[in-house]
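User: I am new to this structure and would like to understand it step by step. Could you take me through it in questions and answers?

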Amino acid sequence: QVQFVESGGGLVQPGGSLRLSCAASGSIFSIYTAGWYRQVPGKQRELVASISSGGITNYSDSVKGRFTISRDNAKTTAYLQMNSLKAEDTAVYYCNAGSLLMVLRGVFGSWGQGTQVTVSS
């Protein structure tokens with residue numbers, strides 16, 4: 001089972017940028033679609049960006065044009081570049097990987113600890 005460790009979160013002012021990293025434990029990561037999710041207390045975890053094994057990307061409307069997902073299969077790592085951050089981007093960010101259907105549904109047996117992103121002045 002592939003495990004994930006997210007990092008790169010922090011406190012940033014509105015309009016600022018952060019780059020999140022997601023390190024996967026196994027080389028099998030390279031064949032999976034990877035997704036970045038976020039969750040705020042009291043709400044369901046939502047998918048914000050995904051990237052296929054071949055590099056095809058998709059974004060939620062709320063982050064399109066501001067966030068960029070990428071991956072380095074050699075390093076078994078996925079990234080989320082977040083620009084023009086807004087207060088409503090404040091959340092715990094998680095990553096995971098699997099089939100496209102699994103990523104779209106967000107149904108996984110386990111999750112990493114996530115990384116907190118706080119956008120505030």
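User: Which residue meets Arg-66 in a salt bridge?

Analyst: In this predicted model, the side chain of Arg-66 takes part in a salt bridge with an N to O distance of 2.7 Å. Arg-66 lies in the loop between β6 (57-59) and β7, and its partner in the loop between β8 and β9 (91-98), so the pair ties together parts that are 23 residues apart in sequence. The partner is Asp-89.

User: Is Asp-89 buried or exposed?

Analyst: A residue counts as buried under 20% relative accessible area. Arg-66, at 10%, falls under that limit. Asp-89 has a relative accessibility of 0%, and therefore counts as buried.

User: Which residues are joined with Arg-66 and Asp-89 into one network of salt bridges?

Analyst: The side chains of Glu-46 and Arg-38 meet in a salt bridge, 2.8 Å from N to O. A polar contact of 2.9 Å also joins the side chains of Arg-38 and Asp-89. Salt bridges that share partners link Arg-66 and Asp-89 into one network with Arg-38 and Glu-46.

User: Where is Arg-38 found, and is Arg-38 buried or exposed?

Analyst: Arg-38 is found in strand β4, which covers residues 33-39. Its contacts, leaving aside neighbours within four places in sequence, include Val-48, Val-63, Phe-67 and Tyr-93. With a relative accessibility of 6%, against a limit of 20%, Arg-38 in strand β4 counts as buried.

User: With which serine does the side chain of Arg-38 make a polar contact?

Analyst: Leaving aside neighbours within four places in sequence, the residues in contact with Arg-38 include Gln-44, Ser-62 and Ala-91. The polar contact between side chains has a length of 3.3 Å. The serine in this polar contact is Ser-62.

User: How many salt bridges does the structure hold in total?

Analyst: One of them joins Lys-64 to Asp-61, with the closest N and O atoms 3.4 Å apart. Both Lys-64 and Asp-61 are exposed, whereas Glu-46, in the salt bridge with Arg-38, is partly exposed at 32%. The count of salt bridges comes to 4.

User: Which strands stand at the edges of the open sheet of 4 strands?

Analyst: The order in this sheet is β1-β3-β8-β7, with antiparallel pairing. Each edge strand has a single partner strand, so one side of each is left without a neighbour in the sheet. Neighbouring strands are turned by 15 degrees against each other on average, direction ignored. The edge strands are β1 (4-7) and β7 (67-72).

User: What is the bridge partner of Ser-21 in β8?

Analyst: Strand β3 (residues 18-24) and strand β8 (residues 77-82) run antiparallel, and 6 bridges join them. The bridge partner of Ser-21 in β8 is Tyr-79.

User: What is the phi of Thr-76, and why does a positive value deserve notice?

Analyst: Most residues other than glycine have a negative phi. Thr-76, in the loop between β7 and β8, is not a glycine and yet has a positive value. At 14% relative accessibility, Thr-76 counts as buried. The phi of Thr-76 is near 45 degrees.

User: What phi does Ser-84 have?

Analyst: Ser-84 is found in the loop between β8 and β9. At 40% relative accessibility, Ser-84 counts as partly exposed. Although Ser-84 is not a glycine, its phi is positive, at about 50 degrees.

User: How many aromatic pairs does the structure hold, and which residues form the aromatic cluster?

Analyst: The structure holds 4 aromatic pairs. Tyr-37 and Phe-108 form an edge-to-face pair, 6.3 Å centre to centre with 80 degrees between the planes. This pair links strand β4 with the loop between α1 (100-105) and β10 (115-119), 71 residues apart. The answer is thus 4 pairs, and one cluster formed by Tyr-37, Tyr-94, Phe-108 and Trp-111.

User: Is Trp-111 buried, partly exposed or exposed?

Analyst: Both Tyr-37 and Phe-108 are buried. Tyr-94 and Trp-111 form an edge-to-face aromatic pair, 6.0 Å centre to centre with 75 degrees between the planes. Tyr-94 is buried, with a relative accessible area of 11%. Trp-111 has a relative accessible area of 24%, and is therefore partly exposed.

Definitions and conventions
Residues are numbered from 1 along each chain as its sequence is written. This is a predicted model: local features need pLDDT of at least 70, side-chain atom pairs count only at pLDDT 80 or more; totals for chains, interfaces and linings use all residues. Side-chain values use heavy atoms; hydrogens and water are left out. Helices (H or I, at least four residues) and strands (E, at least two) are DSSP runs, numbered from the N terminus. Buried means under 20% relative accessible area, exposed over 50%, partly exposed in between (1.4 Å probe, protein chains only). A polar contact is a pair of N or O atoms within 3.5 Å; within protein, one must be able to donate a hydrogen and the other to accept it, and residues adjacent in sequence count only if both atoms are side-chain atoms. Contact means heavy atoms within 4.5 Å. Two strands pair if DSSP finds at least two bridges between them. Axes are lines fitted to C-alpha atoms, for helices over the stretch in contact, and angles run from 0 to 180 degrees between N-to-C directions. Rings of Phe, Tyr and Trp (its six-membered ring) pair if their centres lie within 6.5 Å; planes under 30 degrees apart count as stacked, over 60 as edge-to-face and the rest as tilted.
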